[in-house]
Amino acid sequence: MILLTFALSCSEDFLTENPLSFLSPENTFVDAEGLQTALNTALKGVFNQWNGDTRELMFNHNMSDATVVSATDKQDAYVDLRRYATPQNTRNNDAGRARSFYADNYGHIKAANTVIDYIDIPDWAGGVNDPERNHLLGSAYFLRAFFYLQLTTQFGNVAFPLNVVSESRQDFKVFHMQGIWDQMIADLEYAVQHVKLKSEIPRGQAPNAAVRMLLAKYYMMNLRFADAEAQMDIVLTNGESRLFTDADVNVATVRVGNNLNPYTGELLVGLDCEQPADAVNLLHMTENSQKLTNPEGIWYLTNVAAVDGSQGRAARIRSWGPNFVSTNKGVKAPPTGTVTGMNIAQNSVSKQMHKWGRGQGFARPTDYAQYEIWVKNGETDRQDYRHKRGNWFDMDMLWYDNPDLEGTPFYLQPAQKEYNGVLLCQDSIRCWYGYPMYKFYAKNVEDNIQRQDGGKTDLYVYRIAEAYLIRAEARYWQNDFSGCADDINVIRARANAIHMYTAADVAADGIGAVLDERCRELYGEEYRHDEIVRMAVILAKSGKSYNGKTYSVSGTDLEVSLSANSFYYDRVIEKNVFFRDEIHWDTYPDIAYTMDPMHIFWPVYEPYLIGNIQNILNQTTGYDGSEKNVEPLTHVVQAPGLPNVDPMEAIGERGGK
C-alpha cells in the first residue's frame, strides 16, 4: 500500500509516493480483502476529518455563514483573512485546516487510486462483470469523487492524479475544475450501478444511497437538476432508509449532558439533563448505541467506546461548545466581574464542567445560526426540537460554581453576561453562545473523565434528512417552489417546528430557504463552505439570481471568475455578522474578521508547490505566487470500469514521458 506525501522543502518532490511496505501490489491485492484494506485507508481519511476536537469538518464549517474560527488565543487564525490566509501560514489546528485539507486529501485519493489501478490483479470469477470487483471499483470511485469535490470547492483548479504515482514527479499542472467534475460524474454513474445497498455491507462503508447523494451534488453543478432529483427519488423510496420520527421514540428521556459527578456520584446542580425524548435528540444520542440501527442513517463513521479497534475520542463538545472554564476574559461572576465564575480545576470538585463538558469554543455560531434562522413569521421557535431548551444549550443553564463564590448570593445561580451594566464576559466570541448540544454530547467514559469534553461516538456522514434537502434544492433550481417547500417541510414536521414553508416563502427566500434548513438540520454535520461554493458554481453557470443579483462566468477559468464575484462571498457577508462588520477580538484588538471575494478559495501552502520544478503548479487565484499561474489543462473524460490513463499523458502534456 502506498500513500501520497507532500514536499516540505525545495529538495522534496510534490505528489511523490513513499511505500508503507515492501510488499508488491501483485502480492498484496490478490483478492477483495486485500483491495478493501486500501479502500479502508481512504475511509479512515473521512473519519479523520470528523473525529477529534479541531478537525477539518469544523474548519470547513467555520469558513461559512454559520460559524467562525473562534480560537481567540491565536493571532494568525483564519479570521483576519486579508492578513493571515496566506500560502506561508503554517497553522494546521483549531485556527485553520487549509493545509491538511489539501495535503491529506491527496493521500486519501492515492488510496482510492490504488484500488482502481490494481482492481484486476485478483482473478475475478466473473471477469470485468464480477459483482465484487465492480462494488469495490465503484466504492473507490465514490471516495475519490468525495475528496475531489472538496479539493475543487476549496482550492479551485487543482492537480488531478487518477493513478498511483509510480515515479518521482515534478511536472504536475492543475486542471480546470470543470473537467474534474465531468470525470467524477462519469465515475459515479458507474458506481451507482454497482455499489451495494446499505443492508448488504458493513456499517462504516459507503452504500449505494451515499453514491447517489454525491452524484446529485455533482449533477447540480453541471445544471442537471432533473437528474439530481431523480437520484434522490431513488434514495427516498428504495426502502433502505427513512426518517426517524416520534413514532420511533421508545424511551421516555435522553440525557443531554450529565447529572452526576463521574467521580463521586453527587447530583450536579442545575437544569435536569434528563430531557423528554424526541425524534431529534434520540436520533443523535450515543447512549444505547442506536445510531447504527435506527432507519435514518445512510453512511456512518463508527467508533464505540471500550471496543477493541475503536479510534480516539471525538471530543466534539470541546470543539463546538463555548469555553466557560479557561480564559482570563471569559465567564466572570457578578457584581464586578473580577472573580472567575466557574471552577476551572479539572478534578472531582468541579460541577458545571462535569455537567456540560469542557468546551473550548473553536467553532462559534454566527447570529444567523444562533438566532435568525429560528425566527419565522416573527416568532422565535423554541418548540422545534432542534432549538428546544435542554436540547439546545443556553448560557443561563450554566451555574456559577467557583468555590471562591461560596457565601455570596451568586454562588450556584445562573450565569449572566451583564450585571447592572457591567459586562461579565469580555471574550464573548469564544466564551458566550448557545448551540445544539444534543448533537455533540457524548459522555467520556475512558480517559480524561475529569474534563467531560466528549467521548467516542458513531457519526452520520449522510442521513436521509439530507436526501430530502438535496431534492429540495434540485426542485428549487427547476423553479418547483412548491415541491421544494414540501421537502423542507418533511424535515420541519419531524422536528416539530411551529411554521411550515409555502411556495411563496421559497420564492421569496430563494436558495436561502434550502440553506437555512440545512443549517437547522445539519449544523456540524455538513461541509458548509463547500456546499455554498457548490451553489455559487450553479448560480454563476445558470444565470439565476439571489437577492436580485445575477452571477455569470467571465472567460474560460471558473476559478478566476468566482474569485472576483460569487454567491459564496455575498452569502457570507449577508449572514455572517463577524465578517460583515469586521468584528474585532477583545484578546487581540488589532485582529478583526476580514474577507474579500478571493477568499471563496483557500491558499495552497507554499512548500507544497515549490518542489514541482518541471512545471508551474498554480497557486490559488489572488494569493501570493498566483501571478505566475499558467492556463489550467482541460481534461478529456475517460470511460469508467478500467484503470485510468494519467490525465496529463492522455492529452499529451508530459513531453512523451
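The paragraphs below go through the nonpolar cores, one buried glycine and one pair of helices in this structure, which is a predicted model.

The largest nonpolar core contains 146 residues, and those with the most contacts inside it are Val46, Phe142, Tyr148, Tyr218, Trp299, Tyr462 and Phe567. Helix 6, residues 131-155, supplies the largest share of this core, namely 13 residues. Val46 can serve as a way in: leaving aside neighbours within four places in sequence, Val46 is in contact with Leu143, Phe146, Phe147, Trp299, Leu301, Val461 and Tyr527. Apart from this core lies another, of 55 residues, and among them are Ala71, Trp356, Tyr385 and Trp392. In soluble globular proteins, nonpolar side chains tend to be buried together.

Strand 8, which covers residues 297-301, contains Gly297, and this glycine has a relative accessible area of 0%, so Gly297 counts as buried. Once neighbours within four places in sequence are left aside, the residues in contact with Gly297 are Lys198, Ser241, Tyr460, Tyr462 and Arg463. Ser561 lies 264 residues from Gly297 along the chain, and the C-alpha atoms of the two are separated by 37 Å.

Turning to the helices, the axes of helix 16 (residues 464-477) and helix 19 (residues 512-522) come within 10 Å and cross at roughly 175 degrees, and because of that angle helix 16 is roughly antiparallel to helix 19. On the side of helix 16, the residues that meet helix 19 are Ala465, Glu466, Leu469, Ile470, Ala472 and Glu473, while helix 19 contributes Val514, Glu517, Arg518, Glu521 and Leu522. Sorted by class, this contact of helix 16 with helix 19 has six nonpolar and five charged residues, and no polar ones.

Technical notes. Residues are numbered from 1 along each chain as its sequence is written. This is a predicted model: local features need pLDDT of at least 70, side-chain atom pairs count only at pLDDT 80 or more; totals for chains, interfaces and linings use all residues. Side-chain values use heavy atoms; hydrogens and water are left out. Axes are lines fitted to C-alpha atoms, for helices over the stretch in contact, and angles run from 0 to 180 degrees between N-to-C directions. Helices (H or I, at least four residues) and strands (E, at least two) are DSSP runs, numbered from the N terminus. Angles under 35 degrees count as roughly parallel, over 145 as roughly antiparallel, 65 to 115 as roughly perpendicular and the rest as oblique. Contact means heavy atoms within 4.5 Å. Ala, Val, Leu, Ile, Met, Phe, Trp, Tyr, Cys and Pro count as nonpolar, Asp, Glu, Lys and Arg as charged, and the others, Gly among them, as polar. A nonpolar core is a set of buried Ala, Val, Leu, Ile, Met, Phe, Trp, Tyr and Cys residues joined through side-chain atoms within 4.5 Å. Buried means under 20% relative accessible area, exposed over 50%, partly exposed in between (1.4 Å probe, protein chains only).
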